[in-house]
Amino acid sequence: MLSDAVAALRCPVCQGVLQLRQGQQQTLACEAGHQFDAAKQGYFNLLTGKGTVFEADSADMVAARYRFLDAGHYSGLAQAVAAAAAGSLQRPGAVVLDAGTGTGHYLRAVLERSGASGIGVDISKFALRRAARLNPEAANLVWDIWRPLPMMDNTADVVTVVFAPRNPAEFARVLRPGGSLIVVTPRPGHLAEIAARAGMLSIEDGKEERLVDSMREYFDSGTSQNLDLPLTLSGPEVADLAYMGPAGHHVQREELAELAAVEGSVATTAKFRISEFAVS
Ligand SMILES: C[S@@+](CC[C@H](N)C(=O)[O-])C[C@H]1O[C@@H](n2cnc3c(N)ncnc32)[C@H](O)[C@@H]1O
Ligand SMILES: [Zn+2]
């Protein structure tokens, strides 16, 4: 329920309790008078001031990701994340934070499977417009993961991070004791057949070790599993895939058009690692 999610939030300005006011539009407000109105699509922009210097995903990049995920190519991953999260979301009123929620597809799967309350955070308002439509029962917030999260200490049962930035200190602070952090990363060989054509970064060895190292101060590493999804993609789907990831910021329109024009289909394999960490 949205109320459980809102109870986990705190004012990003004064750290006070935030409450949801239902008027002509929904507003999150604290006792000190800081107020955040919902955008018409239903998300809240909690970033105040100058905003962030981070390069947020553009509307077109988000549209590409939405098309690709909505076609179900990665639904096997969404189901695996939902299954991994379900064990720690059994408490009535359980709350899951999806950090870098993007279009909200992974959070959707987690909420459907667990019935938990959701908080989706992303720096791109274009992504949040989609996420708010897909997960209207969640609190969808424009926020920068590198800043202190607008959540009270010990309020999340699970934090999920699917191909998004990680702030271990903040994830540890907002997780309850016994809570679980679930991180999805690509493995070497991820989409290898198309990465070369599409100017996508290839995944180096050693990423897994670096992930565990970066978490060590705050988390015990738990289990991890590999998931391989064989994909058969059309030209336009390959173009969407090239555009939706981090390389999308640099890819040229002509390159995308070339990829999209490829006839027939391209076979490749998405290779993921799903790592679970427990708060130490
Ligand atoms: C590769 S996408 C993954 C999105 C989604 N989890 C998925 O897998 O479809 C990375 C997401 O992280 C978001 N992001 C990048 N930097 C961020 C930051 N500093 N704070 C919050 N979100 C950020 C981007 O806007 C984008 O939606
Ligand atoms: Zn306040």
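This short presentation covers the overall form of one protein chain and the salt bridges found in it.

Good morning, colleagues. Please keep in mind throughout that what we have before us is a predicted model.

I begin with the chain as a whole. The protein chain contains ten helices and eleven strands. Its C-alpha atoms fill a box of roughly 60 × 40 × 30 Å along the principal axes. For 280 residues, a compact globule would have a radius of gyration near 19 Å, and the protein chain agrees with this, having 19 Å. Of those 280 residues, 51% count as buried. The protein chain exposes about 12,700 Å², and carbon and sulfur atoms supply 50% of that area. As for contacts between residues at least 6 apart in sequence, 65% of them join residues at least 24 apart.

I turn now to charge. The protein chain carries 25 positive and 31 negative charges, and the mean positions of the two sets are 4 Å apart.

How many salt bridges does a search of the whole structure find? The search finds nine. I shall describe three pairs and one network.

The first pair on my list is Asp 240 with Arg 67, whose closest N and O atoms are 2.8 Å apart. Asp 240 belongs to helix α9, residues 235–244, and Arg 67 to helix α2, residues 59–70, so this salt bridge ties together parts that are 173 residues apart in sequence. Asp 240 is buried, at a relative accessible area of 11%.

Next comes Arg 108 with Glu 137, a salt bridge in which the closest N and O atoms are 3.0 Å apart. Here a helix is joined to a loop: Arg 108 sits in α4, residues 105–114, while Glu 137 sits between α5 and β7, so the bridge links parts 29 residues apart in sequence. Is each partner buried or partly exposed? Arg 108 is buried, with a relative accessible area of 18%, whereas Glu 137 is partly exposed at 32%.

A further salt bridge joins the side chains of Asp 228 and Arg 187, at 3.0 Å from N to O. Asp 228 lies in strand β10, residues 219–234, and Arg 187 in the loop between β9 and α7, so the pair ties together parts 41 residues apart in sequence. Asp 228 is partly exposed, with a relative accessible area of 40%; Arg 187 is buried, at 13%.

Finally, the network: Arg 91, Asp 157 and Arg 176 are linked to one another by salt bridges.

Thank you for your attention.

Conventions: Residues are numbered from 1 along each chain as its sequence is written. Chains are lettered from A and ligands numbered from 1 in the order in which they are written. This is a predicted model: local features need pLDDT of at least 70, side-chain atom pairs count only at pLDDT 80 or more; totals for chains, interfaces and linings use all residues. Side-chain values use heavy atoms; hydrogens and water are left out. A salt bridge is a side-chain nitrogen of Lys or Arg within 4 Å of a carboxyl oxygen of Asp or Glu. Helices (H or I, at least four residues) and strands (E, at least two) are DSSP runs, numbered from the N terminus. Buried means under 20% relative accessible area, exposed over 50%, partly exposed in between (1.4 Å probe, protein chains only). The radius of gyration is taken over C-alpha atoms; the globule rule is 2.2 Å times the number of residues to the power 0.38. Contact means heavy atoms within 4.5 Å. Accessible areas come from the Shrake-Rupley method with a 1.4 Å probe; for residues, only the protein chains shown count as cover. Lys and Arg count as positive and Asp and Glu as negative; His and the chain ends are not counted. The place of a charge is taken as NZ of Lys, CZ of Arg, CG of Asp or CD of Glu.
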